[in-house]
Amino acid sequence: MRIKIEEIQEGCILSEDVYSLTNRPIVNKKTVLTADIIKVLKAFLIKEIAVEKLLVNGSPITVKEKTEEGKPAEHEAASFEEVRLEELFLMGAKEFKSEFKNWQSGLPIDISKIRGIMLPLVEKSLSFPSEIFFLHRLSNEAEYLYQHSIAVGLLSAFIGKKLGFKRGDIAQLAIGGCLSDSGMAKIKPVILNKNSQLSEQEFEEIKKHTVYSYKMVQSISLLRDSIKIGIFQHHERLDGSGYPFGERGNKINRFARIIAVADTFHAMTSNRLYRQKQSPFKVLEMMMQDMFGKYDIQAMQALGSGIMTFSIGSKVKLSDGQVAEIIFIDDKSPTRPLVKLIKSEEIFHLEKNRQLFIEEIIK
């Protein structure tokens with residue numbers, strides 16, 4: 001939908017790039033608009049922009065839209081098939097936020113509501129799996145905790161599907177991934193909402209969320225014991241560097257290994273209160289190389305199969321903003337192919353130019 005500059009609200013999500021008198025966009029599509037970005041748009045005298053129908057918090061945008069006769073426009077409700085994954089994701093995060101607030105006030109988890117949020121999302125995401133890897137672009141500091149929980153559930157389900165899990169296990173993974181950080185509701189809000197680096201003492205408090213999460217799901221009969229352990233162990237690492245007990249290797253439940261990969265990947269690709277997001281390709285590379293030995297290799301490969309959907313001839317945006325075409329992919333370094341810049345036709349290998357990396361695939 002297109003709206004006038006006077007109707008822009010903070011939290012709007014661009015559905016198209018915004019250009020002025022430049023070849024490159026002044027603001028890229030899928031950017032979540034803040035007060036500062038809105039000022040930039042006004043400074044460039046932009047008259048109107050194209051935005052998604054929902055704000056980043058899942059609420060619908062309200063604008064004064066009229067028909068030719070001057071009467072308010074009426075819109076029919078879209079069917080499930082017509083609603084895009086990212087719209088369901090934003091609505092799901094909004095519903096999850098409401099449940100999270102209930103937990104903060106002391107209410108128990110209503111597992112039927114969590115199932116009602118996650119299972120339709122899983123159904124949609126498994127039909128359009130590549131769309132899962134664009135959800136991180138909607139990341140927003142204020143909504144991060146709620147978006148993260150939904151995204152971890154979806155990514156966990158995706159990995160489970162790729163690994164050949166049965167439908168019931170995939171559903172358990174989705175719900176377990178979603179509830180893995182439910183214990184954050186028991187952390188003091190002053191720590192949870194801190195917008196600067198946590199102190200050592202504060203981080204120790206945050207680490208208790210895995211125990212709180214386990215206690216919150218312990219009596220839920222619809223969750224299997226194996227997924228409850230997965231929730232409890234999702235911050236353990238194969239090399240023993242995780243928490244709460246520093247477990248190693250096979251002592252870490254398989255569900256926990258999958259949720260760990262999903263949790264870390266989404267966290268590192270998202271804007272958080274005190275950390276900026278990074279490219280999914282850069283994060284995957286870091287997890288497979290710099291963090292080697294911490295994460296389950298099969299889960300990582302399953303995740304990578306979803307991210308690296310490009311092939312020879314695909315167009316990609318590089319970290320310096322340039323657009324390039326992939327002309328060769330090395331199996332040993334799939335995140336660093338040989339590329340040709342569209343504008344200059346210069347050819348170079350990303351493996352030998354480590355300062356650059358793929359930012360995103362251009363649809």
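Trainee: How many aromatic pairs does a search of the whole structure find?

Mentor: Ten aromatic pairs turn up in the whole structure. Keep in mind that this is a predicted model.

Trainee: Take Phe96 and Phe100. What makes them an aromatic pair?

Mentor: Their ring centres are 6.4 Å apart. The cut-off is within 6.5 Å. So Phe96 and Phe100 count as a pair.

Trainee: Why is this pair called tilted?

Mentor: The planes of Phe96 and Phe100 stand at 35°. Stacked needs under 30 degrees, and edge-to-face needs over 60. An angle of 35° meets neither, so the pair is tilted.

Trainee: What separates Phe96 and Phe100 along helix 2?

Mentor: They are four residues apart in helix 2, residues 85–104, so about one helical turn separates them. Both rings belong to buried residues. Ring pairs also link Phe96 and Phe100 with Trp103 and Tyr146 into a cluster.

Trainee: Now Phe165 and Phe255. Why is that pair called edge-to-face?

Mentor: Their planes are 80° apart, with 6.1 Å from centre to centre. Over 60 degrees counts as edge-to-face. The value of 80° passes that limit, so the name fits.

Trainee: What does the pair of Phe165 and Phe255 tie together?

Mentor: Phe165 lies in the loop between helix 4 and helix 5, while Phe255 lies in helix 10. So the pair ties together parts that are 90 residues apart in sequence.

Trainee: Phe165 and Phe255: how do you know whether they are buried or exposed?

Mentor: Check each value against the limit. Buried means under 20% relative accessible area. Phe165 has 13%, so Phe165 counts as buried. Phe255 has 10%, so Phe255 counts as buried too.

Trainee: Let's stay with helix 10. Why is helix 10 called oblique to helix 12?

Mentor: Helix 10 and helix 12, residues 297–307, pack at an angle of about 40°. Roughly parallel needs under 35 degrees, and roughly perpendicular starts at 65. The angle falls in neither class, so helix 10 is oblique to helix 12. Their axes are 9 Å apart.

Trainee: What is the handedness of the crossing of helix 10 and helix 12?

Mentor: That crossing is right-handed.

Trainee: Which residues of helix 10 meet helix 12?

Mentor: Arg254, Ile258, Val261 and Phe265 are the ones in helix 10. In helix 12 they meet Gln298, Ala299, Met300, Leu303 and Ile307.

Trainee: On to the sheet. What is the strand order?

Mentor: The order is 6-5-4-3-7. This is an open sheet of five strands with antiparallel pairing.

Trainee: What makes strand 6 and strand 7 edge strands?

Mentor: Each pairs on one side only. Neighbouring strands in this sheet are turned against each other by 40° on average, direction ignored.

Trainee: How do you know that strand 3 pairs with strand 4?

Mentor: Count the bridges. Three join strand 3, residues 315–318, to strand 4, residues 323–328. At least two are needed, so strand 3 and strand 4 pair. Lys315 stands opposite Glu325, and Val316 has Ala324 as bridge partner. In their hairpin, with four residues between the strands, Gly321 takes a positive phi near 95°.

Trainee: What about strand 3 and strand 7?

Mentor: They have three bridges, in the antiparallel sense. The limit is at least two, so strand 3 and strand 7 pair. Here Lys317 stands opposite Glu360.

Trainee: Which strands does strand 5 pair with?

Mentor: Strand 5 pairs with strand 4 over four bridges, and three bridges join strand 5 to strand 6. Both pairings are antiparallel. Toward strand 4, Leu341 is the partner of Ala324, and Val339 is the partner of Ile326. Toward strand 6, Val339 has Phe348 as partner.

Trainee: Which residues form the covered face of strand 5?

Mentor: Val339 and Leu341 form the covered face, and Leu338 and Lys340 the uncovered one. In a regular strand, side chains alternate between the two faces of the sheet.

Note on methods
Residues are numbered from 1 along each chain as its sequence is written. This is a predicted model: local features need pLDDT of at least 70, side-chain atom pairs count only at pLDDT 80 or more; totals for chains, interfaces and linings use all residues. Side-chain values use heavy atoms; hydrogens and water are left out. Rings of Phe, Tyr and Trp (its six-membered ring) pair if their centres lie within 6.5 Å; planes under 30 degrees apart count as stacked, over 60 as edge-to-face and the rest as tilted. Buried means under 20% relative accessible area, exposed over 50%, partly exposed in between (1.4 Å probe, protein chains only). Axes are lines fitted to C-alpha atoms, for helices over the stretch in contact, and angles run from 0 to 180 degrees between N-to-C directions. Angles under 35 degrees count as roughly parallel, over 145 as roughly antiparallel, 65 to 115 as roughly perpendicular and the rest as oblique. A crossing is left-handed if the near helix is turned anticlockwise from the far one by less than a right angle, and right-handed if clockwise. Contact means heavy atoms within 4.5 Å.
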